[in-house]
Amino acid sequence: MKSYFIKQWQSTEAYFEKNLKPTFYFCFAFFGVMTLANVVLFMSSPELSKTYFNEIQTLFNGKAFLNSTGIELWLGIFFNNLVASGISILSGGIPFLFLPLFSLASNAIIIGLIGAVYQINGVGWIPFLVGILPHGVIEIPALILGVTLGVHICNKLVKKILKRSFKGELKQAIIGCLRIYLLWMIPLFFIAAFIETFITPILFNVFI
């Protein structure tokens, strides 16, 4: 069992290094630029920020698990991130549109908006970063990795449709992405949700 797990892990690393690294870095840069751009955009328009922030609050209030605490909240955040990333990956099955990038953009908009609202209301950057970074340093790369997988699958599907792929390339991509989802993303989301539930609130209360 141990040798099988090690083999799968090594195969996962090899596939990422060979096929996904440039796409991951592109998605990471795209997310960073989009986040900063939205901070600037929303800070320049306080009324627009207030309107969108109220809409996001309404959206979050509709998620019942956010009203819970402890283990229930931990698992709620964990499964919510798993499902969201799973949908992002599966959306890569629609050729030519590269829909996972829209998911990444929406997350960047939300974070940029929250950052802008913090500044507009005089809360400051430190509480914002404390509220985001402890779990975000794990959760955000995992989310970006999910988008990377979706973009990768979409790209391989387009190549297959245009008859520019080698035999079995799409199947290989699906297997490689499934390994990454199971071996990397699930543990990362599990740890990030734990930090967000039990550690981030403590740190945030120190600086708020």
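How many positive and how many negative side chains does the chain have, and how far apart do the centres of the two sets lie? In this predicted model, there are 14 positive and 8 negative side chains, and a distance of 20 Å separates the centres of the two sets.

A good place to begin is the overall architecture. The chain is built with seven helices and zero strands, so its radius of gyration can be set beside the globule rule: the value for the chain is 19 Å, close to the 17 Å that the rule gives for 208 residues, and the chain is therefore as compact as a globular protein of that length. Read from the N terminus on, the order of elements is α-α-α-α-α-α-α. Along the principal axes, the C-alpha atoms occupy a box of roughly 55 × 40 × 25 Å.

The inside and the outside of the chain can be described next. Of the 208 residues, 41% are buried. The exposed surface of the chain comes to about 11900 Å², and 71% of this area is supplied by carbon and sulfur atoms. Among contacts with a separation of 6 or more, 82% are made by residues 24 or more positions apart.

Two residues help to bring this picture down to the level of single side chains. The first to be visited here is I89, which belongs to helix α3, spanning residues 70-90. I89 counts as buried because its relative accessibility is 11%, and the cut-off for a buried residue is under 20%. Once neighbours within four places in sequence are set aside, the contacts of I89 are with G146, L149, G150, I153, Y181 and M185. F194 lies 105 residues from I89 in sequence, and their C-alpha atoms are 23 Å apart in space.

The other residue is T197, found in helix α6, which covers residues 169-198. T197 has a relative accessibility of 10% and therefore counts as buried. Its side chain reaches the backbone oxygen of A193 at a distance of 2.8 Å. Which residues does T197 touch, not counting those up to four places away in sequence? They are G70, L73, W74 and I77. Helix α3 runs over residues 70-90, and the residues touched by T197 include G70 and I77.

Taken together, the two side chains offer a friendly way into the model: I89 is buried in helix α3, and T197 is buried in helix α6.

Technical notes: Residues are numbered from 1 along each chain as its sequence is written. This is a predicted model: local features need pLDDT of at least 70, side-chain atom pairs count only at pLDDT 80 or more; totals for chains, interfaces and linings use all residues. Side-chain values use heavy atoms; hydrogens and water are left out. Helices (H or I, at least four residues) and strands (E, at least two) are DSSP runs, numbered from the N terminus. The radius of gyration is taken over C-alpha atoms; the globule rule is 2.2 Å times the number of residues to the power 0.38. Buried means under 20% relative accessible area, exposed over 50%, partly exposed in between (1.4 Å probe, protein chains only). Contact means heavy atoms within 4.5 Å. Accessible areas come from the Shrake-Rupley method with a 1.4 Å probe; for residues, only the protein chains shown count as cover. Lys and Arg count as positive and Asp and Glu as negative; His and the chain ends are not counted. The place of a charge is taken as NZ of Lys, CZ of Arg, CG of Asp or CD of Glu. A polar contact is a pair of N or O atoms within 3.5 Å; within protein, one must be able to donate a hydrogen and the other to accept it, and residues adjacent in sequence count only if both atoms are side-chain atoms.
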